[in-house]
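Visitor: I've never looked at this one before. Could you walk me through it and tell me how the labels are earned?

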Amino acid sequence: MHQRIVILDFGSQYTQLIARRIREAGVYSEIYPCTIGPEHISKSNLSGIILSGGPLSVYDENAPHLDPGILTMTSPEGREIPVLGICYGLQAMALFAGGAVERADHREFGRASLIIDNDSDLLAGIPDESTVWMSHGDSLTEIPDDYEVIAHTCNAPIAAIRSGDHPHYGVQFHPEVVHTEHGRKILENFAHRVCGCLGDWTPASFIEEKTKEIRSLVGDDHVILGLSGGVDSSVAAVLLHSAIGDRLTCIFVNNGLLRKGEWEQVQDTFRKHFQIRLITIDASDKFLERLEGIVDPEEKRRIIGNTFVEVFDEATVEIIEESGVKPRYLAQGTLYPDVIESISFKGPSATIKTHHNVGGLPEELEFEILEPFRELFKDEVREIGRLLEVPSSILERHPFPGPGLGIRIIGPVVRKDLDLLREADAIFIEELKSHGLYDDVWQAFAVLLPVQTVGVMGDERTYENVCALRAVTSVDGMTADWAQLPHEFLAHVSSRIVNEIRGINRTVYDISSKPPATIEWE
């Protein structure tokens with residue numbers, strides 16, 4: 001078994017980013033709710049514990065509290081388990097140990113310059129005055145008796161601390177986000193220098209272990225997978241096929257919400273590169289009829305999720321006729337960003353929106369859900385895909401949401417608007433590729449707004465739709481910056497869309513980052 005670092009989730013939207021950084025350091029990490037007691041955390045190969053940030057104040061009535069036993073855990077050999085508190089985690093740990101936390105006059109949010117007071121162990125190799133990312137309302141104003149300050153900023157006299165008696169550390173900033181210049185190094189220091197981890201967990205080891213897990217779970221049963229042709233479902237299909245062979249059947253459904261040419265492209269790519277059983281179903285009429293007049297995005301997701309399952313149920317008839325066995329499992333390429341924004345995943349994380357892959361399915365389901373990538377990020381899945389020799393044309397595709405264009409039309413979903421959006425989106429992607437910009441952005445797409453504006457074309461007045469263009473740069477989708485595409489390029493794309501698509505007379509460019517916005521509009 002690999003050495004493990006456990007992250008206790010106090011509700012931060014960044015909790016899984018911590019896990020991802022630890023994995024990048026070659027150490028296996030897993031997440032538990034902050035409410036769990038030490039008796040429920042296996043000590044086997046436990047090398048360290050990280051306390052995440054959280055959205056609440058430690059003084060809020062419903063604030064989660066730290067189980068004191070977490071701070072006194074020891075390995076089977078009697079070694080004290082190191083603990084690192086981040087933001088809220090630091091405050092919860094320090095408050096219990098006798099420190100003082102006070103509500104700040106205003107929330108500190110954004111970049112700060114870290115001044116190193118002691119560069120041993122946790123902050124070893126971190127340049128003085130490097131940038132860190134602050135996001136907190138409360139502040140630690142007095143450290144416990146046995147602690148020392150090892151870093152500060154102009155606005156935070158206590159930015160990082162450590163105990164002199166125990167392997168306990170804390171930082172007020174967020175080392176897990178990309179905005180902290182050397183955050184990855186800080187977490188590597190904790191994993192390697194403080195916890196003594198060797199760093200032997202890799203994507204290759206994940207494939208080997210997940211393959212064994214799938215074989216053990218599925219046994220002689222059959223699995224169906226909803227294929228979209230994107231990175232997640234395609235890599236999941238290849239992994240599942242390597243584990244259970246012909247007991248996997250992929251189903252590709254045309255829900256009427258696909259991008260231009262996608263129905264034909266996915267079939268061609270999948271049949272050409274993989275020897276996996278594929279069933280195709282054109283259910284576009286059924287989906288669009290049920291979405292008629294629906295405006296609320298959560299209701300759209302619910303309808304799309306329910307209809308997908310109904311279509312899968314119908315598809316099992318064909319599978320039963322051929323194999324004589326009804327599939328037991330429904331596999332999905334769900335990733336952690338889907339989960340963390342949809343449900344309270346292993347802890348009290350705040351709900352942002354329901355994702356089709358996790359929250360759009362009915363409660364009563366004839367299938368058991370199988371999600372091999374549920375706790376992975378997009379870049380981790382891409383690396384696994386490379387090891388499984390999935391073609392780069394699939395691995396480098398931009399993410400595409402399960403509900404498809406249904407949540408990129410702000411308002412009711414109708415065929416006419418879908419046609420407009422497909423053409424605008426196709427032009428945007430085509431131009432990104434032809435200008436060599438496609439691989440520079442993490443995700444790019446068009447959105448059709450429920451707004452019509454006056455325009456002038458050929459000396460005539462027009463009153464047509466507005467199209468928004470969205471492009472972001474990101475590593476994992478948890479945080480993202482708007483892509484600063486060249487103005488000349490955006491002008492060219494806007495000109496093409498307005499001139500070539502009758503029904504759109506204005507384009508706008510979204511310059512919102514995540515947070516505070518999300519990547520998708522709905």
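What follows is a chat about some of the helices, strands and residues here.

Guide: One thing up front: this is a predicted model.

Visitor: Fine. What makes H5 and H11 oblique to each other?

Guide: The axes of helix H5 (residues 231-244) and helix H11 (residues 378-387) cross at roughly 40 degrees. Angles under 35 degrees count as roughly parallel, and 65 to 115 as roughly perpendicular. The crossing falls in neither range, so H5 and H11 are called oblique. Their axes come within 10 Å, and H5 passes H11 in a left-handed crossing.

Visitor: Which residues of H5 and H11 meet?

Guide: On the H5 side, Val231, Asp232 and Val235; on the H11 side, Lys378, Val381, Arg382, Ile384 and Gly385. By class, the contact of H5 with H11 has four nonpolar residues, one polar and three charged.

Visitor: How do you know that aspartate 232 is buried or exposed?

Guide: Aspartate 232 sits in helix H5, and its relative accessible area is 15%. Buried means under 20%, so aspartate 232 counts as buried. Setting aside neighbours within four places in sequence, aspartate 232 is in contact with Gly333, Leu335, Phe373, Lys378 and Val381.

Visitor: What about aspartate 138: why is it called buried?

Guide: The reasoning runs along similar lines. Aspartate 138 has a relative accessibility of 6%, and the cut-off for buried is under 20%, so the label buried fits aspartate 138. You'll find aspartate 138 in strand S6 (residues 130-142). Aspartate 138 and valine 58 are 80 residues apart in sequence, yet their C-alpha atoms are 8.0 Å apart in space.

Visitor: And what makes helix H1 mostly covered?

Guide: Count its residues: nine of the ten in helix H1 (residues 15-24) are buried. They are Thr15, Gln16, Leu17, Ile18, Ala19, Arg20, Arg21, Ile22 and Arg23. After H1 comes glycine 26, with a positive phi near 80 degrees.

Visitor: Let's turn to the strands. What is the order of the five strands in the open sheet, and which are the edge strands?

Guide: The order is S12-S11-S10-S13-S14, with parallel pairing. Strand S12 (278-282) and strand S14 (368-370) are the edge strands, since each pairs on one side only. From one strand to the next, the twist averages 30 degrees.

Visitor: How do you know that S11 and S12 pair?

Guide: Two strands pair if there are at least two bridges between them. Strand S11 (residues 248-254) and S12 have five bridges, in the parallel sense, so S11 and S12 count as a pair. In that pairing, phenylalanine 252 stands opposite threonine 280 in S12.

Visitor: Where does H5 lie with respect to the strands?

Guide: H5 lies across strand S10 (223-227), S11, strand S13 (329-331) and S14. H5 runs at about 160 degrees to S10.

Visitor: One last pair. At what angle do H13 and H14 pack, and which residues make the contact?

Guide: Helix H13 (residues 415-434) and helix H14 (residues 487-500) pack at about 145 degrees, with their axes 10 Å apart. H13 passes H14 in a right-handed crossing. From H13 come Ala424, Ile427, Phe428, Glu430, Glu431 and Leu432; from H14 come Phe489, His492, Val493, Arg496, Ile497 and Glu500. This contact divides into seven nonpolar residues, one polar and four charged.

Definitions and conventions: Residues are numbered from 1 along each chain as its sequence is written. This is a predicted model: local features need pLDDT of at least 70, side-chain atom pairs count only at pLDDT 80 or more; totals for chains, interfaces and linings use all residues. Side-chain values use heavy atoms; hydrogens and water are left out. Axes are lines fitted to C-alpha atoms, for helices over the stretch in contact, and angles run from 0 to 180 degrees between N-to-C directions. Helices (H or I, at least four residues) and strands (E, at least two) are DSSP runs, numbered from the N terminus. Angles under 35 degrees count as roughly parallel, over 145 as roughly antiparallel, 65 to 115 as roughly perpendicular and the rest as oblique. A crossing is left-handed if the near helix is turned anticlockwise from the far one by less than a right angle, and right-handed if clockwise. Contact means heavy atoms within 4.5 Å. Ala, Val, Leu, Ile, Met, Phe, Trp, Tyr, Cys and Pro count as nonpolar, Asp, Glu, Lys and Arg as charged, and the others, Gly among them, as polar. Buried means under 20% relative accessible area, exposed over 50%, partly exposed in between (1.4 Å probe, protein chains only).
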